[in-house]
Amino acid sequence: FDVLRDLNTKPSHSLSYYVSELVGNELLKKRWEDASLLYNVTKYADWKDRVTSRPGNVALYYALLRELRPNIIVETGTASGSMTSFILAALEANGSGRLISIDIPPEAGKLTMDLTISKDEIGYWIPKEFHHRWDYQHGDAKLLLPKILAEFPVDVFVHDSLHTRTHMTFEYAVARGLMRENSLIISDDILWNNSFEDFLALHKQKGYAP
């Protein structure tokens, strides 16, 4: 939780506490079990294995949000909603907050994607009980992201869409230009290229990785 220290915020709980909290989330567990059968997902042995095998994901997409209690989060690249479900679970546990997701349904073999999901299946890992905190906007982030960031006081931006250098650089720059001070940019798959590292250096920002 170095990011919390640098924001002069003392963590109220440890990462292991939030791992246990997620493991015990019955809504997420039930949806994971149902969707795993429906979509024939066999990557993890069970829900506990799903959570505990990726503590970095818990730190970024759940624990950090539980600690900071953001009001508005914007995410690009929902797809099946694996990490989106963690984000929404954090907001639900906080009892406040809204997530705006921007995405175009992925097609395997196009734009670095390895799976195909229909528009109706976007976010299939998300329990229906969390949908009241979720605003899914179908469309291109190049058009929608600047509009949404300019319209709403966004606390956290999550990049998980097209992982090309050009697109990642675009999304980081838009977020940096339109978000308030002390807001956070979270990015998945930063090792695909050097765009995140270059962004930090250009803007003299500090980055963290689990």
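**Trp134**

I looked up Trp134 and found it in strand S3, which spans residues 134–138. I take helices (H or I, at least four residues) and strands (E, at least two) as DSSP runs, numbered from the N terminus. The model is a predicted one, in which local features need pLDDT of at least 70, side-chain atom pairs count only at pLDDT 80 or more, and totals for chains, interfaces and linings use all residues. Residues are numbered from 1 along each chain as its sequence is written, and side-chain values use heavy atoms, with hydrogens and water left out.

Is Trp134 buried or exposed? Its relative accessibility is 15%, so I note Trp134 as buried; the cut-offs are under 20% relative accessible area for buried, over 50% for exposed, and partly exposed in between (1.4 Å probe, protein chains only).

I then listed the contacts of Trp134, leaving out residues up to four places away in sequence: Thr78, Thr84, Leu88, Leu99, Ser101, Ile122, Gly123 and Ile126. Contact here means heavy atoms within 4.5 Å. I also checked Trp134 against Arg98: the C-alpha atoms are 6.1 Å apart in space, while the sequence separation is 36 residues.

**Salt bridges**

How many salt bridges does the structure hold? I have nine, counting a side-chain nitrogen of Lys or Arg within 4 Å of a carboxyl oxygen of Asp or Glu. Side chains of opposite charge can pair when their charged atoms come close. I followed up three pairs.

Glu92 and Arg133 form a salt bridge through their side chains, at 2.8 Å from N to O. Glu92 is in helix H6, and Arg133 is in the loop between strand S2 (98–103) and strand S3, so the pair ties together parts that are 41 residues apart in sequence. Glu92 has 30% relative accessibility and therefore counts as partly exposed. Arg133, at 14%, counts as buried.

Lys147 and Glu151 form another salt bridge, with 3.6 Å from N to O. Both residues are in helix H7 (residues 141–151), four residues apart, about one turn of the helix.

The third pair I looked at is Asp198 with Arg165, a salt bridge of 2.6 Å from N to O. This pair links distant parts of the chain, with Asp198 in helix H9 (residues 195–203) and Arg165 in helix H8 (residues 165–178), 33 residues apart. Asp198 is partly exposed at 36% relative accessibility, and Arg165 is partly exposed at 40%.

**Helices H8 and H9**

Since Asp198 and Arg165 sit in H9 and H8, I looked up that helix pair next. Two packed helices are described by the angle between their axes and the distance between the axes. The axes of H8 and H9 come within 9 Å and cross at roughly 35°. Axes are lines fitted to C-alpha atoms, for helices over the stretch in contact, and angles run from 0 to 180 degrees between N-to-C directions. I noted the crossing of H8 and H9 as right-handed; a crossing is right-handed if the near helix is turned clockwise from the far one by less than a right angle, and left-handed if anticlockwise.

On the H8 side I listed Arg165, Met168, Thr169, Tyr172, Ala173 and Arg176, and on the H9 side Ser195, Phe196, Asp198, Phe199 and His203. By class, this contact has five nonpolar, three polar and three charged residues. The classes are nonpolar for Ala, Val, Leu, Ile, Met, Phe, Trp, Tyr, Cys and Pro, charged for Asp, Glu, Lys and Arg, and polar for the others, Gly among them.

**Helices H5 and H6**

How do H5 and H6 pack, and at what angle? For H5 (residues 55–68) and H6 (residues 82–94) I have about 20°, with the axes 8 Å apart. They are therefore roughly parallel to each other, as angles under 35 degrees are classed (over 145 is roughly antiparallel, 65 to 115 roughly perpendicular and the rest oblique). The crossing of H5 past H6 is right-handed.

H5 contributes Asn57, Val58, Tyr61, Tyr62, Leu65 and Arg66, which meet Met83, Phe86, Ile87, Ala89, Ala90, Ala93 and Asn94 of H6. The class count for this contact is 10 nonpolar, two polar and one charged residues.

**Loop residues**

Most residues other than glycine have a negative phi, and most peptide bonds are trans. I noted Arg69, where phi is positive, near 50°. Arg69 lies in the loop between H5 and strand S1 (72–76) and is partly exposed at 42% relative accessibility. Ala79 also has a positive phi, of about 55°. Ala79 is in the loop between S1 and H6, and counts as buried at 15%.
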